[in-house]
Amino acid sequence: LIAFSMATAVAGTTRSTNISGGLFQEGIRAVLESWAVLRIAVQNGFGGVSSQEKADWMVTAVEQYFYDNDDLEPCEVEDLLSELLNNEFDTVVEDGSLPEVALQICTFFSQCRMGKEGEVRQKIAQLSRTHSSVELKIVKEAGREESDESEEDEEEDEQMEVMECETSSTVQSCQSAPSVAEGTNPPPTFEENNMEDGWTVVRKKKK
């Protein structure tokens, strides 16, 4: 079990080699920002009012973990990320994304140590584009839902107006119609024939 939290990291000593001029940190940030699990946790405030600050801190915490430990395996990075999400956001990852996220961070670390900055920057740009497209899609979907809801509300209002008009017309028609003689039941179905003398003859439909 990895006993790692924001409080303990701030209180502890920092030993950083800052490989590739901070490029590794950029890579970690790109990976975490494109990670749907963390993004949802931040957007929904699973970490409280400081959710965004905790997400930013996670970048430096993961980076420092690599500097403080030699030859890390992806499974160890998985454990770290899982522990951080549990401690800081009260979130358990169950979508199977942890191995991919951990492996990408480990790959960035290896590439930075070998001086493959071009490959790292290319992947960072790809992750950033993916993140931006996902955010844009979310905004569009939200706007579409609001538009659909607005159209539904308008349709409901129109239907209510039609119903009110029909109800009003029915009431007026009933009020103006002659009353049925006492002791007789109103017929279930009627058909009306207009006579030449202006009278209206009402007949019961033949069965």
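Visitor: In which part of the chain is the place of Asp-90?

Guide: In this predicted model, phi of Asp-90 is near 55 degrees, a positive value in a residue other than glycine. Most residues other than glycine have a negative phi. That positive phi is taken just after α5, and the place of Asp-90 is in the loop between α5 and α6 (98-113).

Visitor: Is Asp-90 buried or exposed?

Guide: A residue counts as exposed when its relative accessible area is over 50%. For Asp-90 the relative accessible area is 66%, so this residue is exposed.

Visitor: Where is Asp-71 found, and what is its phi near?

Guide: Asp-71 is found in the loop between α4 and α5, and with a relative accessible area of 66% it is exposed. Its phi is positive although the residue is other than glycine, and the value is near 50 degrees.

Visitor: Which residues gather with Asp-71 in a patch of negative charge on the surface?

Guide: One member of the patch, Asp-79, has its place in helix α5 (residues 74-89), and its relative accessible area of 46% makes it partly exposed. Another member, Asp-71, belongs to the loop between α4 and α5. The residues that gather with Asp-71 in this patch of negative charge are Asp-70, Glu-73, Glu-76 and Asp-79.

Visitor: How far does α5 reach from its first C-alpha to its last?

Guide: Helix α5 has 16 residues, and at 1.5 Å a residue the expected reach is 22 Å. The distance in the model is close to that expectation, at 22 Å.

Visitor: Which residues of α5 are buried?

Guide: To be buried, a residue must have under 20% relative accessible area. Asp-79, at 46%, is partly exposed. The buried residues in α5 are Val-77, Leu-80, Leu-81, Glu-83, Leu-84, Leu-85, Glu-88 and Phe-89.

Visitor: Which residue forms a salt bridge with Glu-88, and how far apart are the closest N and O atoms?

Guide: Side chains of opposite charge can pair when their charged atoms come close. Glu-88 forms a salt bridge with Lys-54, the closest N and O atoms being 3.8 Å apart. The pair links distant parts of the chain, 34 residues apart, with Glu-88 in helix α5 and Lys-54 in helix α4. Both partners are buried, Glu-88 as well as Lys-54.

Visitor: How many salt bridges does the count come to, and which one involves Arg-29?

Guide: The count comes to 2 salt bridges, and one of them joins Arg-29 to Asp-56, with the closest N and O atoms 3.7 Å apart. Arg-29 lies in helix α2 (residues 23-33) and Asp-56 in helix α4, so this pair ties together parts that are 27 residues apart in sequence. At 27% relative accessibility Arg-29 counts as partly exposed, and Asp-56 likewise counts as partly exposed, at 33%.

Visitor: Why is α4 described as largely enclosed by the rest of the structure?

Guide: One residue found in helix α4 is Gln-64, which is buried, with a relative accessible area of 14%. The C-alpha atoms of Gln-64 and Gln-25, 39 residues apart along the chain, are separated by 9.5 Å. Helix α4 is largely enclosed because the number of its 18 residues that are buried is 13.

Visitor: What distance separates the end C-alpha atoms of α4?

Guide: Helix α4 (residues 51-68) has 18 residues, which at 1.5 Å a residue should span 26 Å. The distance between its end C-alpha atoms agrees with that expectation, and the value is 25 Å.

Technical notes:
Residues numbered from 1 in each chain as written. Predicted model: local features only at pLDDT ≥ 70, side-chain atom pairs only at ≥ 80, totals over all residues. Heavy atoms only, no water. Helix = DSSP H or I, 4+ residues; strand = E, 2+ residues; numbered from the N terminus. Expected span 1.5 Å × (residues − 1). Buried < 20%, exposed > 50% of the residue type's maximum accessible area, 1.4 Å probe, protein only. Patch = residues over 30% accessible without salt bridge, like charges linked within 9 Å, V, L, I, M, F, W, Y side chains within 5 Å. Areas by Shrake-Rupley, 256 points an atom, 1.4 Å probe, with all protein chains shown as cover. Salt bridge = Lys/Arg side-chain N within 4 Å of Asp/Glu carboxyl O. Lys, Arg positive; Asp, Glu negative; His and termini not counted. Charge placed at Lys NZ, Arg CZ, Asp CG, Glu CD.
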